[in-house]
Amino acid sequence: MTIDAEKAGARKYDYIVVGGGTAGCPLAATLSTKYSVLLLERGGSPYGVPEIENADAFGKPLDETDNYTSIAQTFISEEGVSNVRARVLGGGTAINAGFYSRAGSEYVRNVGWDEGLVEESYEWVEKQNAFKPYQLSPWSLAIRDGLLEAGVLPYNGYTLDHVDGTKISASTFDSKGKRHTAADLLRSANPDNIVVLLNATVSRILFNSPAQGINSFKHRKGNCF
């Protein structure tokens, strides 16, 4: 990771990934195994930030939003729903409740994805970022018991699969209460082929079927490229 925009902008890349979130981080890491990649993230690093890393601090980033340096930002969806999104490397995995579950097999087939490749991808992520809870928190217990009391059956116990009923799934918080975000997946990247530039906001993309590159981005220090 770097905040040196001039150094990052001096190289040429096969791919530029805009946004280092839940999708951007694994995409950049995967591409870097064969290609040179620039990953642009408008926020900062999640590492060394107690409000992100510690389970006891869950929810604190949501208390302060909309400052340029804040971890989270409020927005209103197209449906008119007020919500919060992340502004940090790792994206929503840095501020959400840490619930991990696989998609349904029927969904994977309907969108036409390679089921074998999807299975490999699940395992790749789960080895790094998914942990079986050693115990449930009081609010997790309350949700589970409430669903069962409401008749959301059957009870499936612990499983990563998408199933009908109520279940316990994996968490992105490990047994010590440390959060693992999508940024952790960048550790699988080829370090010789990837540059991760933080505090960089893209202002324009050149589209020429397909997109040919980034026309400009602004770094937090005020530099424009």
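## Helix 2, the nonpolar core and the surrounding loops

The buried residues of helix 2 are G24, C25, P26, A28, A29 and L31. These are six of the eight residues of the helix, which is thus mostly covered. The cover over these buried residues includes strand 1 (15-18), strand 2, helix 5 (115-129) and strand 9. The description that follows concerns a predicted model.

**Overall architecture**

The protein contains six helices and 11 strands. Its radius of gyration is 19 Å, close to the 17 Å that the globule rule gives for 225 residues, so the protein is as compact as a globular protein of that length. The C-alpha trace extends over about 60 × 40 × 35 Å along the principal axes. Of the 225 residues, 37% are buried. Among contacts with a separation of 6 or more, 56% are made by residues 24 or more positions apart.

The protein exposes about 13,400 Å², and 52% of this area comes from carbon and sulfur atoms. There are 22 positive and 26 negative charges, and the mean positions of the two sets lie 7 Å apart.

**The largest nonpolar core**

In soluble globular proteins, nonpolar side chains tend to be buried together. The largest nonpolar core of this model has 15 residues, of which A28, L39, L89, L186, I194 and V196 touch the most other members. At least two residues of this core come from each of helix 2 (24-31), strand 2 (37-40) and strand 9 (194-197). Helix 2 gives the most, with four residues. Strand 2 and strand 9 thus appear both as contributors to the core and among the elements that cover the buried residues of helix 2.

L89 illustrates how distant parts of the sequence meet in this region. Leaving aside residues up to four places away in sequence, L89 touches M1, G20, C25, L39, E41, G44, P46, T181, A183, L186, V196 and L198. Among these partners, L39, L186 and V196 are, like L89, core residues that touch the most other members. Another partner, C25, is one of the buried residues of helix 2.

**Loop residues**

Three loop residues may be set side by side by accessibility.

| Residue | Loop | Relative accessibility | State |
|---|---|---|---|
| E78 | strand 3 (72-76) to strand 4 (82-86) | 84% | exposed |
| A150 | helix 6 (138-149) to strand 6 (155-158) | 61% | exposed |
| N199 | strand 9 to strand 10 (200-207) | 12% | buried |

E78 counts as exposed because its relative accessible area of 84% is over the 50% cut-off. N199, at 12%, counts as buried because this value is under the 20% cut-off.

Separations in space can also be given for two of these residues. The C-alpha atoms of A150 and N208 are 53 Å apart, with the two positions 58 residues apart in sequence numbering. For E78 and A94, which are 16 residues apart along the chain, the C-alpha separation is 23 Å.

**Backbone geometry**

Most residues other than glycine have a negative phi, and most peptide bonds are trans. Two sites in the model depart from these patterns. N199 has a positive phi, near 60°, although this residue is not glycine. L153 and P154 are joined by a cis peptide bond, with omega about 0°. P154 lies in the loop between helix 6 and strand 6, the loop that also holds A150.

Notes. Residues are numbered from 1 along each chain as its sequence is written. This is a predicted model: local features need pLDDT of at least 70, side-chain atom pairs count only at pLDDT 80 or more; totals for chains, interfaces and linings use all residues. Side-chain values use heavy atoms; hydrogens and water are left out. The radius of gyration is taken over C-alpha atoms; the globule rule is 2.2 Å times the number of residues to the power 0.38. Buried means under 20% relative accessible area, exposed over 50%, partly exposed in between (1.4 Å probe, protein chains only). Contact means heavy atoms within 4.5 Å. Accessible areas come from the Shrake-Rupley method with a 1.4 Å probe; for residues, only the protein chains shown count as cover. Lys and Arg count as positive and Asp and Glu as negative; His and the chain ends are not counted. The place of a charge is taken as NZ of Lys, CZ of Arg, CG of Asp or CD of Glu. A nonpolar core is a set of buried Ala, Val, Leu, Ile, Met, Phe, Trp, Tyr and Cys residues joined through side-chain atoms within 4.5 Å.
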